[in-house]
Amino acid sequence: MPYVSRSAEGAINGLYEQRQEGRADEFLLDTDPSIVAFLDTPPKVSSVSARQFRLQLRRAGLIDAVKSWVAQQDGETQDAFEYSGTFVKDSPMMAEGFAAMGFTTQQIDEFFMAAAKL
């Protein structure tokens, strides 16, 4: 039976076993539909390993297109693609690369979710 905290929009954004005064004062039963929905929501993925990222590029059939795009970029972008151990979804390089590939925000989220499972 958790206490919940909510975002400014009213969505649950945290569960606590004990009341957190000023943060999580609302008590709900474990079976409350909003608790069940919160627990069933997959976590957001903000980064993946280089291995996961490259495997997902290959599985999505994008590896050659991305390598071609990277080859046309500045040295820092080329080095970041080649030597980064982690690829961060919201980094400027990622935003530029995904925009060049024509990805929507939802497609980027789906790409990172799929990569995180590899």
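## The sheet

Start with Tyr3, whose bridge partner in strand E2 is Tyr16. In this predicted model, strand E1 (residues 3–6) and E2 are joined by 4 bridges and run antiparallel.

Step back a little and you'll find an open sheet made of 3 strands, in the order E2-E1-E3, with antiparallel pairing. Strand E2 (12–16) and strand E3 (26–27) are the edge strands, so to speak: each one pairs on one side only. Lying across E1 and E2 is helix H1 (residues 33–40), which runs at about 100 degrees to E2.

## Two helices that meet

Next up are helix H2 (residues 50–59) and helix H3 (residues 63–71). They pack at an angle of about 120 degrees, and their axes are 7 Å apart.

Who does the touching? On the H2 side there are Arg54, Leu57 and Arg58, and they meet Ile63, Val66 and Lys67 of H3. Sort the residues of this contact by character and you get 3 nonpolar and 3 charged, with no polar ones.

Arg54 also turns up over an aromatic ring: it lies over the face of Phe81, 4.1 Å from the ring centre.

## A threonine out of sight

Now look at helix H4 (residues 75–83), which is where Thr77 lies. Is Thr77 buried or exposed? With a relative accessible area of 14%, Thr77 falls under the 20% cut-off, so it counts as buried.

If you leave aside its neighbours within four places in sequence, Thr77 is in contact with Trp69, Val70 and Met93.

## Rings with company

There's plenty to look at among the aromatic side chains, with a count of 11 aromatic pairs. One of them is formed by Phe98 and Phe111, an edge-to-face pair with 5.5 Å from centre to centre and 70 degrees between the planes. This pair links distant parts of the chain: Phe98 belongs to helix H5 (residues 92–100) and Phe111 to helix H6 (residues 105–116), 13 residues apart. Both Phe98 and Phe111 are buried.

Which residues do ring pairs link into a cluster? They are Phe53, Phe81, Phe87, Phe98, Phe103, Phe111 and Phe112. You've already met some of these: Phe81 is the ring with Arg54 over its face, while Phe98 and Phe111 make up the edge-to-face pair.

How values were computed:
Residues are numbered from 1 along each chain as its sequence is written. This is a predicted model: local features need pLDDT of at least 70, side-chain atom pairs count only at pLDDT 80 or more; totals for chains, interfaces and linings use all residues. Side-chain values use heavy atoms; hydrogens and water are left out. Axes are lines fitted to C-alpha atoms, for helices over the stretch in contact, and angles run from 0 to 180 degrees between N-to-C directions. Helices (H or I, at least four residues) and strands (E, at least two) are DSSP runs, numbered from the N terminus. Contact means heavy atoms within 4.5 Å. Ala, Val, Leu, Ile, Met, Phe, Trp, Tyr, Cys and Pro count as nonpolar, Asp, Glu, Lys and Arg as charged, and the others, Gly among them, as polar. Buried means under 20% relative accessible area, exposed over 50%, partly exposed in between (1.4 Å probe, protein chains only). Rings of Phe, Tyr and Trp (its six-membered ring) pair if their centres lie within 6.5 Å; planes under 30 degrees apart count as stacked, over 60 as edge-to-face and the rest as tilted. A charge sits over a ring if NZ of Lys or CZ of Arg is within 6 Å of the ring centre and within 35 degrees of the ring normal. Two strands pair if DSSP finds at least two bridges between them.
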